[in-house]
Amino acid sequence: MKLTILGCHSATPHINAHPTAQVLEVQGHLFLIDCGEGTQVQLRRYKVKFSRIKHIFISHLHGDHFYGLIGLISTFLLLGREADLHVYGPKGIKEAILLQLKLGKSWTNYSLFFHELDSKEPTLLFEDEKVKVTTIPLNHRVYTNGFLFQEKIKERKLDFKAAQKASIHHTYFQKLKQGFDVENEKGELIENKTVTLEPEPSKSYAYCSDTAFYPEIVPQIKHATVLYHESTFLESHHHLCEKTKHSTAKEAAVIAKKAEVGTLILGHYSGRYGDLSLFKKEAEEVFFTVELAQDGKQFEI
């Protein structure tokens with residue numbers, strides 16, 4: 001997995017502070033997560049291929065998370081896109097986008113599929129043989145979901161020397177990697193574990209956008225490899241959390257600790273703070289492995 005932060009700031013965009021958008025590369029997919037204003041410019045800046053984006057996940061319908069979507073969809077049209085595009089987001093996102101396309105007489109020449117969400121329970125959105133994506137219901141002022149990206153269990157590694165020594169024909173190598181016991185050329189049943197090695201651990205990325213402190217998500221994101229959790233405020237402005245339904249850096253760290261995740265990435269900073277290192281310092285008082293999201297920063301998960 002490779003995560004690229006396109007924008008990680010809250011509310012209005014500034015010259016060097018872009019609203020929320022991320023790209024997650026996993027198992028051949030390039031998923032766009034949220035699409036704040038200016039996302040397509042950031043995609044160009046960090047040399048992300050537009051044509052590889054086939055699935056876009058929108059957490060909620062606040063402008064700093066989806067106002068860049070209509071522009072990106074329109075640019076796909078101008079670039080002559082032919083591949084299908086799937087958009088996952090709250091109920092109402094289809095109406096919001098199609099109305100703008102209608103008024104501008106700019107219907108796409110590619111198939112545009114909307115998957116509208118209204119469930120408050122974790123919902124499977126996408127699945128293939130290598131990865132699955134599930135919603136993480138959050139607690140914000142409007143209906144909001146985070147997203148959990150999970151690699152499936154990978155194939156076992158073949159021990160070629162052990163397989164050859166056991167007289168296993170090469171036509172059975174794939175079945176061995178899939179975990180099956182097979183017969184060798186002498187008709188003997190060979191146990192899989194004697195000629196294969198454990199697969200690489202599967203990884204997971206939990207994206208929790210705008211939300212109040214919400215421990216209910218902990219069981220679902222337990223042991224995630226990386227957790228991105230909003231940290232709009234520092235504890236000195238905790239009184240703003242109740243009205244805005246946002247979290248502090250300390251609260252994000254508490255969630256990370258309870259969930260026993262590998263790494264916590266903080267983001268969605270309020271523009272009132274000039275020194276972002278204060279977020280890291282505050283979170284590290286609770287949780288030991290903390291990173292700060294920054295526009296253009298990449299993380300190898």
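In the predicted model, the chain comprises ten helices and 18 strands. The C-alpha trace extends over about 70 × 55 × 35 Å along its principal axes. Half of the chain is enclosed by the burial criterion, with 50% of the 301 residues counted as buried. Among contacts between residues at least 6 apart in sequence, 62% connect residues at least 24 apart.

An open sheet is built from seven strands, arranged in the order β7-β8-β9-β14-β15-β16-β17 with mixed pairing. Strands β7 (124-127) and β17 (290-292) occupy the edges; each has a single partner strand, so one side of each lacks a neighbour in the sheet. From one strand to the next, the twist averages 15 degrees. At the β17 edge, β16 (residues 263-267) runs parallel to β17 and is joined to it by three bridges. One of the residues involved is Leu 266 of β16, whose bridge partner in β17 is Leu 292.

Parallel pairing is also found between β3 (residues 29-35) and β4, which are linked by four bridges. Here Leu 30 has Ile 53 of β4 as its bridge partner. Four of the five residues of β4 (residues 53-57) are buried, so this strand is largely enclosed by the rest of the structure.

Within the seven-stranded sheet, β9 (residues 145-151) contains Phe 147. This residue is buried, its relative accessible area of 0% lying under the 20% cut-off. Its contacts beyond four places in sequence include Ile 33, Phe 57, Ile 58 and Ser 59. Phe 147 also touches Leu 125, as well as the consecutive residues Val 133, Thr 134, Thr 135 and Ile 136. The remaining contacts of Phe 147 in this set are with Tyr 205, Ala 206 and Tyr 207. Leu 125 falls within the range of the edge strand β7 (124-127), and Phe 57 within that of β4 (residues 53-57). By comparison, the C-alpha atom of His 115, which is 32 residues from Phe 147 along the chain, is separated from that of Phe 147 by 14 Å.

Helix α9 contributes a set of buried residues, namely Ala 249, Glu 251, Ala 252, Ala 253, Ile 255, Ala 256 and Ala 259. Their cover includes α7, β15 (226-230), α8 (241-244), β16 and α10 (277-283). Just after α9, Glu 260 adopts a positive phi of about 55 degrees. The loop between α9 (249-259) and β16 also holds Gly 262, which is partly exposed at a relative accessible area of 34%. Excluding residues up to four places away in sequence, Gly 262 touches Ala 224, Thr 225, Phe 287 and Thr 289. The C-alpha atoms of Gly 262 and Ala 224 are separated by 6.4 Å, although the two residues are 38 apart along the chain.

The largest pocket has a volume of about 270 Å³. Its lining consists of 18 residues, with Lys 120, Glu 121, Pro 137, Leu 138 and Tyr 214 lying nearest the centre. Two elements, β8 (131-137) and α7 (218-221), each give two or more residues to this lining. By class, nine of the lining residues are nonpolar, six are polar and three are charged. Both elements recur elsewhere in the description: β8 is a member of the seven-stranded sheet, and α7 is among the elements covering the buried residues of α9.

Conventions:
Residues are numbered from 1 along each chain as its sequence is written. This is a predicted model: local features need pLDDT of at least 70, side-chain atom pairs count only at pLDDT 80 or more; totals for chains, interfaces and linings use all residues. Side-chain values use heavy atoms; hydrogens and water are left out. Two strands pair if DSSP finds at least two bridges between them. Axes are lines fitted to C-alpha atoms, for helices over the stretch in contact, and angles run from 0 to 180 degrees between N-to-C directions. On a 1 Å grid over the protein atoms alone, a cavity is a set of points where a 1.4 Å probe fits but cannot get out, and a pocket is an open set with protein on both sides within 12 Å along at least five of seven lines; lining residues have an atom within 4 Å of a point. Grid points are joined across faces, edges and corners, and a volume is the space filled by probe spheres set on the points. Ala, Val, Leu, Ile, Met, Phe, Trp, Tyr, Cys and Pro count as nonpolar, Asp, Glu, Lys and Arg as charged, and the others, Gly among them, as polar. Buried means under 20% relative accessible area, exposed over 50%, partly exposed in between (1.4 Å probe, protein chains only). Contact means heavy atoms within 4.5 Å.
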